[in-house]
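Below is a set of questions and answers on one chain and its two ligands. The model is a predicted one.

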Amino acid sequence: MPVPASSGHRLLRIRNGLLMRIFIQRQRIRARRSTLGGSAVVLALLLTIGAPGAAAQDHAGQYEQANIEFGARLYSANCVRCHGEGGAEIAGVDLSSGTFARAESDPELMQLIRRGIQGTAMPPNDFSRTELTGIVSYLRTMRDVDLSAVTLGDETRGRGLFAGTGACASCHRVRGEGPRTAPDLTDIGAVRTAADLQASLLDPTGSMLPVNRPVRAVLADGTVLNGRRLNEDTYTIQLIDDNERLRSLDKADLRELAAATTSPMPPATDVLDEQGVADVLAYLLSLKGLD
Ligand code: HEC
Ligand code: HEC
């Protein structure tokens with residue numbers, strides 16, 4: 001059964017709305033600074049903080065999208081069987097309401113989830129700090145989250161496919177294992193949303209980030225180097241070439257330097273079926289760094 005995850009478009013829109021307001025406010029502050037002086041600046045700042053509008057009453061803007069999605073997955077795996085998809089299966093408990101009878105602050109909520117509730121069916125859980133942050137982010141935003149856009153599969157199967165049929169491990173490195181020719185994915189689940197990752201899998205070229213563009217450099221003697229850019233400044237570029245050697249090149253010595261706009265990565269659907277893509281996606285989201 002596919003486990004739904006959040007698309008979060010609405011959340012993003014809310015957050016962007018808030019950012020836009022802050023931006024506009026800043027512009028106004030700048031405009032006033034030149035005409036009215038210091039007191040107006042302070043007033044404008046107070047207005048920004050004091051009148052955040054609907055966005056802040058909604059819990060949405062406070063929680064990271066990646067955490068919400070991670071939490072949604074943990075919720076599906078650990079909580080749905082008692083609390084239900086919508087969070088209201090247990091009489092008198094509605095997890096989607098965003099407020100809780102037995103916990104007020106986020107730390108209290110984390111403690112409750114870790115310890116369980118003695119004398120009731122609510123079990124203790126052995127979650128890491130990162131996992132608790134995810135679950136709480138999801139619980140607090142549950143009623144705002146649209147659970148339909150991205151399909152997440154089985155993380156364990158996904159790990160198998162990553163190394164096996166998917167051949168992902170032939171290019172990507174995870175937790176110190178694998179080649180350095182493609183981006184290291186050790187913390188990819190912490191820095192990208194489920195929707196971003198799905199786009200990368202289905203359409204690598206269309207969703208390639210500029211920083212990940214493969215570079216081709218031609219040295220003065222005609223040698224061609226293909227590789228992945230690690231660093232670049234005005235005069236030099238550092239790259240990992242196809243033989244996994246770190247090269248630092250003076251741009252002045254190069255005959256040619258170009259970044260490709262097509263990704264060397266094949267779409268995941270070349271080697272995996274729909275379920276396989278969902279499984280690998282669940283695995284990628286579980287990669288949160290070396291903790
Ligand atoms: C085996 C069933 C079961 C599982 C699994 C379970 N819960 Fe519960 N949970 C309960 C019951 C029953 C209560 C109500 C306890 C009471 O107050 O009588 C509860 C209460 C809660 C409360 C307190 C609600 C409030 O308003 O104070 C929270 C929060 C909560 N659960 C979160 C979770 C989360 C998050 C998970 C998954 C990590 C989870 N639960 C897994 C049975 C379960
Ligand atoms: C032939 C080598 C190759 C294979 C096989 C490959 N990738 Fe990639 N992948 C790359 C390269 C190179 C990039 C960087 C360029 C880009 O973003 O398309 C990349 C980018 C990515 C990104 C985006 C990284 C970011 O920073 O956002 C993800 C996620 C990813 N790959 C996952 C996978 C998964 C999962 C598989 C297996 C189904 C896979 N890749 C198979 C070479 C490969």
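Q: Which residues are buried in helix 7?
A: In this predicted model, helix 7 covers residues 129–141. It is largely enclosed by the rest of the structure, because 10 of its 13 residues are buried. A residue counts as buried if 20 or more other C-beta atoms lie within 10 Å of its own. The buried residues of helix 7 are E131, L132, G134, I135, V136, S137, Y138, L139, R140 and T141.

Q: How far apart are the end C-alpha atoms of helix 7?
A: Helix 7 has 13 residues, and at 1.5 Å a residue they should span 18 Å. The model agrees with this expectation, with the end C-alpha atoms of helix 7 apart by 18 Å.

Q: How many helices and strands does the chain have, and what percentage of its residues is buried?
A: The secondary structure comes to 11 helices and 7 strands. Of the 291 residues in the chain, the buried share is 25%.

Q: In which helix is confidence lowest, and in which is it highest?
A: The mean pLDDT of the chain is 78, and 77% of its residues reach 70 or more. Over residues 1–60 pLDDT stays under 50. Where pLDDT is low, the predicted coordinates should not be read in detail. Confidence is lowest in helix 2 (residues 38–50), at a mean of 30, and highest, at 97, in helix 8.

Q: Which helix gives the most residues to the largest nonpolar core?
A: This core has 23 residues, and those that touch the most other members are L152, L197, V277, V280, L281, L284 and L285. Two or more residues each come from helix 4, strand 2, helix 8, helix 10 and helix 11. With 8 residues, the element that gives the most is helix 11.

Q: Which residues are among the members of the other core?
A: Apart from the largest nonpolar core lies another, of 13 residues. Its members include I68, C79, I113 and Y138.

Q: Is helix 11 mostly covered or mostly uncovered, and what covers its buried residues?
A: Helix 11 is mostly covered, with 10 of its 13 residues buried. The buried residues are G276, V277, A278, D279, V280, L281, A282, Y283, L284 and L285. What covers them includes helix 4, strand 2, helix 8, helix 9 and helix 10.

Q: Which residues does L281 touch, not counting residues up to four places away in sequence?
A: L281 is one of the buried residues of helix 11. It also ranks with the residues of the largest nonpolar core that touch the most other members. Beyond four places in sequence, L281 touches L152, G153, G158, A194, L197, Q198 and L201.

Q: Which residues are the closest to ligand 1?
A: The shell around ligand 1 has 15 nonpolar, 4 polar and 2 charged residues. Its largest share, 3 residues, comes from helix 5. In total 21 residues surround ligand 1, and the closest are C79, C82, F100, R102 and M122.

Q: Which residues are the closest to ligand 2?
A: Around ligand 2 the shell has 18 nonpolar, 6 polar and 1 charged residues. Helix 10 and helix 11 each supply at least two of them, and the largest share, 3 residues, comes from helix 10. In total 25 residues surround ligand 2, and the closest are C168, C171, A182, S263 and M265.

Q: Why is R115 exposed?
A: R115 lies in helix 6 (residues 106–115). A residue counts as exposed if 12 or fewer other C-beta atoms lie within 10 Å of its own. R115 is therefore exposed, as the number of other C-beta atoms within 10 Å is 12.

Q: Which residues does V271 touch, not counting residues up to four places away in sequence?
A: V271 is in the loop between strand 7 (254–259) and helix 11. It is partly exposed, with 16 other C-beta atoms within 10 Å. The C-alpha atoms of V271 and L161 are 110 residues apart along the chain and separated by 9.8 Å. Beyond four places in sequence, V271 touches T165, G166 and A167.

Terms used
Residues are numbered from 1 along each chain as its sequence is written. Chains are lettered from A and ligands numbered from 1 in the order in which they are written. This is a predicted model: local features need pLDDT of at least 70, side-chain atom pairs count only at pLDDT 80 or more; totals for chains, interfaces and linings use all residues. Helices (H or I, at least four residues) and strands (E, at least two) are DSSP runs, numbered from the N terminus. A residue is near a molecule or strand if its C-beta atom, placed from the backbone, lies within 6 Å of it. Ala, Val, Leu, Ile, Met, Phe, Trp, Tyr, Cys and Pro count as nonpolar, Asp, Glu, Lys and Arg as charged, and the others, Gly among them, as polar. A nonpolar core is a set of buried Ala, Val, Leu, Ile, Met, Phe, Trp, Tyr and Cys residues joined through C-beta atoms within 7 Å. Two residues are in contact if their C-beta atoms, placed from the backbone, lie within 7 Å. pLDDT is the predictor's confidence in each residue, from 0 to 100. The expected span of a helix is 1.5 Å times one less than its number of residues.
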